[in-house]
Amino acid sequence: MTSSGSSLIQMVEAQVEPPYPLDYEVRALREIATELGKKDWNYNENPCNNKSSWFTPPPPPNVPEAINNSTVTCNCSFPNGECHIDGMQMHDQVVFKSEK
(Lines give C-alpha, C1' and ligand atoms only; values in the text may rest on other atoms or scores of the structure.)
Protein backbone atom coordinates (compact mmCIF):
# COMPACT_ATOMS: atom_id res chain seq x y z
CA MET A 1 0.00 0.00 0.00
CA THR A 2 1.15 3.52 -0.69
CA SER A 3 1.02 6.26 1.89
CA SER A 4 -2.30 7.44 0.47
CA GLY A 5 -3.85 4.07 1.23
CA SER A 6 -4.29 2.97 -2.38
CA SER A 7 -2.63 -0.14 -3.65
CA LEU A 8 0.10 0.03 -6.24
CA ILE A 9 -0.20 -2.50 -9.00
CA GLN A 10 2.76 -3.14 -11.22
CA MET A 11 2.12 -4.66 -14.58
CA VAL A 12 4.90 -6.71 -16.05
CA GLU A 13 4.84 -7.74 -19.65
CA ALA A 14 6.20 -11.24 -20.05
CA GLN A 15 7.42 -12.34 -23.40
CA VAL A 16 7.33 -16.06 -23.90
CA GLU A 17 9.81 -17.59 -26.30
CA PRO A 18 7.98 -19.66 -28.93
CA PRO A 19 8.83 -23.37 -29.09
CA TYR A 20 11.56 -24.46 -31.48
CA PRO A 21 10.31 -25.97 -34.72
CA LEU A 22 10.71 -29.70 -35.18
CA ASP A 23 14.24 -31.02 -35.80
CA TYR A 24 13.50 -32.16 -39.35
CA GLU A 25 12.36 -28.65 -40.27
CA VAL A 26 15.60 -27.10 -38.98
CA ARG A 27 17.60 -29.77 -40.86
CA ALA A 28 15.73 -28.79 -44.02
CA LEU A 29 16.71 -25.15 -43.42
CA ARG A 30 20.36 -26.23 -43.08
CA GLU A 31 20.15 -28.04 -46.42
CA ILE A 32 18.53 -25.07 -48.14
CA ALA A 33 21.14 -22.72 -46.65
CA THR A 34 23.95 -24.96 -47.89
CA GLU A 35 22.48 -25.04 -51.40
CA LEU A 36 22.08 -21.25 -51.45
CA GLY A 37 25.42 -20.48 -49.79
CA LYS A 38 23.69 -18.84 -46.82
CA LYS A 39 26.09 -18.67 -43.87
CA ASP A 40 24.64 -16.12 -41.45
CA TRP A 41 21.85 -18.13 -39.84
CA ASN A 42 22.60 -19.03 -36.25
CA TYR A 43 21.31 -22.56 -35.61
CA ASN A 44 21.70 -22.04 -31.85
CA GLU A 45 18.87 -19.48 -32.02
CA ASN A 46 15.19 -20.22 -32.40
CA PRO A 47 14.15 -19.53 -36.01
CA CYS A 48 10.62 -18.74 -34.81
CA ASN A 49 11.43 -15.90 -32.40
CA ASN A 50 11.42 -13.07 -35.01
CA LYS A 51 14.35 -11.35 -33.33
CA SER A 52 17.40 -13.24 -34.44
CA SER A 53 19.52 -13.94 -37.49
CA TRP A 54 16.42 -15.63 -38.94
CA PHE A 55 14.43 -12.43 -39.31
CA THR A 56 15.01 -9.18 -41.19
CA PRO A 57 12.71 -6.56 -39.69
CA PRO A 58 10.68 -4.44 -42.08
CA PRO A 59 12.21 -1.05 -42.83
CA PRO A 60 10.79 2.18 -41.44
CA PRO A 61 8.33 4.06 -43.66
CA ASN A 62 9.83 5.54 -46.83
CA VAL A 63 12.99 3.41 -46.55
CA PRO A 64 13.65 0.72 -49.18
CA GLU A 65 13.64 -2.89 -48.02
CA ALA A 66 17.03 -4.38 -47.20
CA ILE A 67 18.87 -6.08 -50.03
CA ASN A 68 20.01 -8.84 -47.69
CA ASN A 69 16.51 -9.69 -46.51
CA SER A 70 16.31 -13.24 -45.25
CA THR A 71 13.36 -14.08 -43.12
CA VAL A 72 12.01 -17.38 -41.86
CA THR A 73 8.39 -17.33 -40.74
CA CYS A 74 6.64 -19.77 -38.45
CA ASN A 75 3.13 -20.69 -37.53
CA CYS A 76 2.90 -21.23 -33.78
CA SER A 77 -0.88 -21.48 -33.56
CA PHE A 78 -1.15 -25.27 -33.50
CA PRO A 79 -3.29 -26.64 -30.66
CA ASN A 80 -0.49 -28.87 -29.36
CA GLY A 81 1.80 -25.85 -28.91
CA GLU A 82 4.19 -26.70 -31.76
CA CYS A 83 5.70 -24.16 -34.11
CA HIS A 84 6.19 -25.09 -37.74
CA ILE A 85 8.25 -23.21 -40.30
CA ASP A 86 5.79 -21.99 -42.89
CA GLY A 87 7.80 -19.66 -45.09
CA MET A 88 11.18 -18.33 -46.07
CA GLN A 89 12.15 -15.24 -48.00
CA MET A 90 15.64 -14.72 -49.38
CA HIS A 91 16.43 -11.26 -50.74
CA ASP A 92 13.38 -10.39 -52.81
CA GLN A 93 12.32 -13.96 -53.63
CA VAL A 94 9.91 -16.04 -51.62
CA VAL A 95 11.55 -19.46 -51.47
CA PHE A 96 8.43 -21.10 -50.07
CA LYS A 97 5.29 -20.13 -48.23
CA SER A 98 2.74 -22.60 -46.94
CA GLU A 99 -0.92 -22.04 -47.68
CA LYS A 100 -3.01 -21.69 -44.55
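Accessible areas here come from the Shrake-Rupley method with a 1.4 Å probe. With that noted, I looked up the total for the chain: the accessible surface is about 7600 Å², and 54% of it belongs to carbon and sulfur atoms. I should jot down early on that this is a predicted model.

**Entry: the overall layout**

I went through the secondary structure next. The chain has one helix and three strands, and from the N terminus on the order is α-β-β-β. Then I checked burial, and buried residues make up 27% of the 100 residues. I also looked at contacts between residues at least 6 apart in sequence, and 41% of those join residues at least 24 apart.

**Entry: the disulfides**

How many disulfides does the structure hold? I found two. Numbering the bonded cysteines in sequence order, I get the pairing 1-2, 3-4.

I took Cys48 and Cys74 to begin with. Their sulfur atoms are 2.0 Å apart, and they form a disulfide. The angle about the S-S bond is -80°, which I noted as left-handed. Cys48 sits in the loop between α1 and β1 while Cys74 belongs to strand β1, so this pair ties together parts that are 26 residues apart in sequence. Both Cys48 and Cys74 are buried.

Then I turned to Cys76 and Cys83, which a disulfide joins at 1.9 Å, S to S. Is this link left-handed or right-handed? With 115° about the S-S bond, the link of Cys76 and Cys83 is right-handed.

**Entry: a closer look at Cys76**

I stayed with Cys76 for a bit. Cys76 is in the loop between β1 (70–75) and β2 (84–90). Buried or exposed, I wondered about Cys76. Neither, as it turns out: its relative accessibility is 35%, so I put Cys76 down as partly exposed. Its partner Cys83 is buried, with a relative accessible area of 0%.

Leaving out residues up to four places away in sequence, I found Cys76 touching Pro18, Cys48, Glu82 and Cys83. Cys48 on that list is a member of the other disulfide, the one with Cys74. I also looked up Pro19: its C-alpha is 7.9 Å from that of Cys76, although the two residues are 57 apart in sequence.

**Entry: the aromatic rings**

Which residues do ring pairs link into a cluster? I have Trp41, Tyr43 and Trp54 on my list. The count comes to two aromatic pairs. For Trp41 and Trp54, the ring centres are 4.6 Å apart and the planes lie at 25°; planes under 30 degrees apart count as stacked, so this pair is stacked. Both Trp41 and Trp54 are in the loop between α1 (23–36) and β1, 13 residues apart. I checked burial for each of them: Trp41 is buried at 5% relative accessible area, and Trp54 is buried at 0%.

The other pair I noted is Tyr43 with Trp54, which is edge-to-face, with 5.2 Å from centre to centre and 80° between the planes. Tyr43 and Trp54 both lie in the loop between α1 and β1, so the pair ties together parts eleven residues apart in sequence. Tyr43 itself is partly exposed, with a relative accessible area of 22%.

One last thing I looked up around Tyr43 was its ring face. Arg30 lies over that face, at 4.0 Å from the ring centre.

Note on methods. Residues numbered from 1 in each chain as written. Predicted model: local features only at pLDDT ≥ 70, side-chain atom pairs only at ≥ 80, totals over all residues. Heavy atoms only, no water. Helix = DSSP H or I, 4+ residues; strand = E, 2+ residues; numbered from the N terminus. Buried < 20%, exposed > 50% of the residue type's maximum accessible area, 1.4 Å probe, protein only. Contact = heavy atoms within 4.5 Å. Phe/Tyr/Trp six-rings, centres within 6.5 Å; stacked < 30°, edge-to-face > 60°. Lys NZ or Arg CZ within 6 Å of the ring centre and 35° of its normal. Disulfide = S-S within 2.5 Å.
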